[in-house]
Amino acid sequence: MTIKIAPSILSADFAHLGAQVAAVEAGGAEYLHIDVMDGHFVPNITIGPLVVAALRERSQMVFDTHLMIENPDRYIPDFIRAGSDLITVHQEACAHLHRTLSLIKEKGARAGVALNPATPWQSLACVLDMVDLVLVMSVNPGFGGQKFINSALTKIEDLARCRQERGLAFEIQVDGGVNRTTAPQVVQAGADVLVAGSALFGAPAPQAEVACLRAAALT
Ligand code: DX5
Ligand code: ZN
């Protein structure tokens with residue numbers, strides 16, 4: 001079995017962002033998870049397309065941009081122009097989810113959709129055949145370093161079963177509270193991509209920790 005590791009830069013040292021990104025890339029991380037927050041959809045404000053463009057010049061990783069913002073259609077083209085390979089929007093922030101996912105693809109990126117802990121996976125039934133990734137939030141979005149919410153495991157299992165039954169190929173990503181202890185459970189449940197912020201950037205050596213987390217996840 002193979003899994004992908006997606007370090008979340010939310011927990012990186014922003015004064016040394018370039019070096020921190022280079023470290024996790026050298027450690028073998030496949031995706032770079034970029035958390036965009038607007039102070040409306042979630043109670044925090046983070047980064048915009050300028051930061052994505054600056055990092056794009058320094059990294060070959062898949063840029064995985066997690067938009068925790070209202071009205072994402074307005075900013076999707078900017079984030080793709082800045083270098084995002086994959087754009088994930090929140091189901092809860094999209095009144096016209098099919099249109100938003102179509103826009104992401106039309107502009108040339110892979111399309112993902114995220115579910116808050118309280119949102120049932122069945123709400124995606126009509127769009128699962130057009131998404132490249134489903135992001136299961138295992139914390140309420142807004143901050144790094146929160147505790148893993150266990151009900152995410154059942155949601156991952158249900159999505160993995162539905163994917164198999166319908167013969168679909170979207171990736172299942174998990175975000176929030178993923179560490180050496182919770183990673184094996186999420187992989188067992190059927191997740192393919194593990195987002196980790198504090199577990200990687202809070203470790204003494206983030207570069208080495210990428211492989212440690214991967215090894216722990218596969219035990
Ligand atoms: C939370 C963000 C996460 C966050 C995860 O709203 O979407 O990506 O950085 O942080 P940890 O891994 O510390 O829970
Ligand atoms: Zn995230």
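**A walk from the core to the ligand**

Let's start inside: apart from its neighbours within four places in sequence, V186 is in contact with L153, I156, V174, V178, A191 and L194. Keep in mind, as you look around, that this is a predicted model.

Several of those names come back when we step out to the wider core. The largest nonpolar core has 65 residues, and those that touch the most other members are I87, V134, V136, I156, V174, V186 and L194. So where do we go from a core residue such as L194? It leads to a strand, because β8 is the DSSP run that covers residues 193-196.

That strand belongs to an open sheet of 8 strands, which pair in parallel and follow the order β1-β8-β7-β6-β5-β4-β3-β2. At the edges sit β1 (4-7) and β2 (31-37), each of them pairing on one side only. On average, and with direction ignored, neighbouring strands of the sheet are turned by 25° against each other. As a general reminder, strands in a sheet pair through backbone hydrogen bonds, in either a parallel or an antiparallel way.

For a worked example, zoom in on β4 (residues 86-90) and β5 (residues 110-115), a parallel pair with 5 bridges. Within this pairing, T88 has G112 in β5 as its bridge partner.

Finally, let's visit ligand 1. It is surrounded by 21 residues, and the closest are S8, P141, G144, G197 and S198. By class, this shell is made up of 12 polar, 7 nonpolar and 2 charged residues. Strands β2 and β8, together with helix α7 (198-201), each supply at least two residues of the shell.

Methods: Residues are numbered from 1 along each chain as its sequence is written. Chains are lettered from A and ligands numbered from 1 in the order in which they are written. This is a predicted model: local features need pLDDT of at least 70, side-chain atom pairs count only at pLDDT 80 or more; totals for chains, interfaces and linings use all residues. Two strands pair if DSSP finds at least two bridges between them. Helices (H or I, at least four residues) and strands (E, at least two) are DSSP runs, numbered from the N terminus. Axes are lines fitted to C-alpha atoms, for helices over the stretch in contact, and angles run from 0 to 180 degrees between N-to-C directions. A residue is near a molecule or strand if its C-beta atom, placed from the backbone, lies within 6 Å of it. Ala, Val, Leu, Ile, Met, Phe, Trp, Tyr, Cys and Pro count as nonpolar, Asp, Glu, Lys and Arg as charged, and the others, Gly among them, as polar. A nonpolar core is a set of buried Ala, Val, Leu, Ile, Met, Phe, Trp, Tyr and Cys residues joined through C-beta atoms within 7 Å. A residue is buried if 20 or more other C-beta atoms lie within 10 Å of its own, exposed if 12 or fewer, and partly exposed in between; C-beta atoms are placed from the backbone. Two residues are in contact if their C-beta atoms, placed from the backbone, lie within 7 Å.
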